[in-house]
Amino acid sequence: MSGRVSTVAVRYDPYDYAVHEDPYPFYARLRDESPLYYNADHDFWALSRHADVVGAFRDAQRFSSSYGVSLDPEVWGPQADRTTSFLAMDPPRHTRMRALVSRGFTPRRVAELEPHIRELTVRHLGPAADKGTFDFVRDLAAKVPMDVISELVGVPEADREELRRLADLVLHREEGVFDMPPAGQEAALTLSGYYADMIAERRRKPLGDLTSALLDAEIDGDRLTDDEIAGFLFLLIIAGNETTTKLLGSAWYWAWRNPDQRAVPFGDPLRVPDWVEETLRYDTSTQMLARLARAEIPLHGGAIPAGGRVLLLIGSANRDARVFPEADDYRIGRDTSEIASFGFGRHFCLGASLARLESRVVLGELVARVADYDIDAENATRVHSVNVRGFATLPTTVELR
Ligand code: HEM
């Protein structure tokens, strides 16, 4: 009936392809109409307002990570730490392991990677840019992050291609399949075996890499076991690979869709970091993370029951106009200090500075070489994943400077 506001209750299903295509209208309705939302089909609660998402991140006591952070049925549960290491731990286990890992994964070690990141970028970008038309994701954005992680942990060059192939299999999902397929499970085992051998080798003969530093890390006589190190190296692939790839693709895409904004970093390379930050806010790669409610949590006139599964909708928090004015506008240079993209509190992304460095270097090299570009949006495809958002393919044509 005309003139009447819709009374159909908002429905949000993270498996729905319409949500993958554009989740933001769903988030807007959740924030306004149902800030404490319950989905009975998949049995989860969802928080969508910035204040609630931040509050939950900071309250590790009630919002526990011990069942992991993913809705995927194969990883949600008390065994989640087997695949995602300390990402799926609460204090005191989390505190101990993060402290030990941080002895090796230092800001200095990250900063020292910069020349290598530049070299890897040039190596992958060169042949692609010379062709003129290439796939931004496959030929560039997917290649650099995995090679950077290999460089960081100390994988020799000769093995990197194979590691990239295995990591792709671990992360790959066919459309409509949400659990890890057998090929992915096999690749995960091979990868773990590779890391176990590498750790044993570094124990015999330490080098200057992160793996050797983790073997060396010690706090009051306590050290990481080989299994713990292997688990952490495996986590790096899951946490640090696809997220950065997708961020790069989204930066390329949204700047193309907003030519006035594209002109900002292309006109002044010093604005590349602003391009990275606004993309992190506007369309971040990790759209949500799950938590387990440890106790009954009253909120917005309702209550999450103890044992409930809660989704923290990061992508929605970043579009909350209560914090970001005209939040649906992509505006490079706005205040992004409150972005939720790397989480908050104890589990704040350990690789945030590396992700930022990689993105700045890759996008900086692009700005230096490319005068203008186009995207074949008709043939671009998105990944279908419950928590990762971004492009699987992004055909692009560049005009070099
Ligand atoms: C754009 C890229 C990235 C995004 C959007 C991102 C996002 C996040 C978020 C939201 C968390 C918090 C998890 C939670 O609270 O449960 C996290 C944790 C983590 N991230 Fe990242 N990340 C990115 C890149 C990286 C990179 C490059 C690395 C390392 C090479 C990395 C390593 C980690 C690790 C180890 C954790 C677990 C920290 C903990 O549980 O204490 N991430 N990341």
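## The five-stranded sheet

In this predicted model, an open sheet of 5 strands follows the order S1-S2-S10-S7-S3, and its pairing is mixed. The edges are formed by strand S1 (36-39) and strand S3 (63-64), each of which pairs on one side only. Within the sheet, strand S7 (residues 288-293) and strand S10 (residues 309-313) are paired in the antiparallel sense over 5 bridges, and Arg291 has Val310 as its bridge partner in S10.

Helix H3 (residues 50-58) packs on this sheet, where it touches strand S2 (44-47) together with S3, S7 and S10, and the direction of H3 makes about 120 degrees with that of S10.

## The three-stranded sheet

An open sheet of 3 strands has the order S4-S14-S11, and the pairing here is antiparallel. Strand S4 (133-135) and strand S11 (370-375) stand at its edges with a single partner strand each, so one side of each is left without a neighbour in the sheet. From one strand to the next, the twist averages 35 degrees.

The two pairings can be followed through individual residues. S4 is joined by 3 bridges to strand S14 (residues 395-400), the two running antiparallel; Thr133 has Thr397 as its bridge partner in S14, while the partner of Phe134 in S14 is Thr396. S11 and S14, in turn, pair in the antiparallel sense over 5 bridges, and Val370 has Leu400 as its bridge partner in S14.

Two helices lie across S11 and S14. Helix H14 (residues 242-257) crosses these strands while running at about 90 degrees to S11, and H18, which also lies across S11 and S14, runs at about 105 degrees to S11.

## The iron site

The iron atom of the ligand has a single donor from the protein, namely the SG atom of Cys349, at 2.3 Å. Cys349 is located in the loop between helix H17 (314-317) and helix H18 (352-369), and this H18 is the helix that lies across S11 and S14 of the three-stranded sheet.

## The second largest pocket

The second largest pocket has a volume of about 380 Å³. It is lined by 18 residues, and the closest to its centre are Arg82, Thr83, Ala188, Ser192 and Phe234. In terms of residue character, the lining of this pocket divides into 8 nonpolar, 7 polar and 3 charged residues.

Three helices, H4 (81-84), H11 (182-204) and H13 (226-240), each supply at least two residues of the lining of the second largest pocket. The largest share of that lining, amounting to 5 residues, comes from H11.

## The enclosed cavity

The model contains 1 cavity of 30 Å³ or more, and the largest cavity has a volume of about 120 Å³. Of the 16 residues that line the largest cavity, the closest to its centre are Val19, His20, Gln287, Ser385 and Val386. The lining residues of this cavity divide into 9 nonpolar, 5 polar and 2 charged.

Definitions and conventions. Residues numbered from 1 in each chain as written. Predicted model: local features only at pLDDT ≥ 70, side-chain atom pairs only at ≥ 80, totals over all residues. Heavy atoms only, no water. Donors = N, O, S within 2.8 Å, 3.2 Å for Na, K, Ca; no water. Helix = DSSP H or I, 4+ residues; strand = E, 2+ residues; numbered from the N terminus. Pairing = 2+ DSSP bridges. Axes fitted to C-alpha atoms, helices over the stretch in contact; angles between N-to-C directions. Contact = heavy atoms within 4.5 Å. 1 Å grid on protein atoms, 1.4 Å probe; cavity = no way out; pocket = protein on both sides within 12 Å on 5 of 7 lines; lining within 4 Å. Points joined across faces, edges and corners; volume = space filled by probe spheres on them. Nonpolar A, V, L, I, M, F, W, Y, C, P; charged D, E, K, R; others polar.
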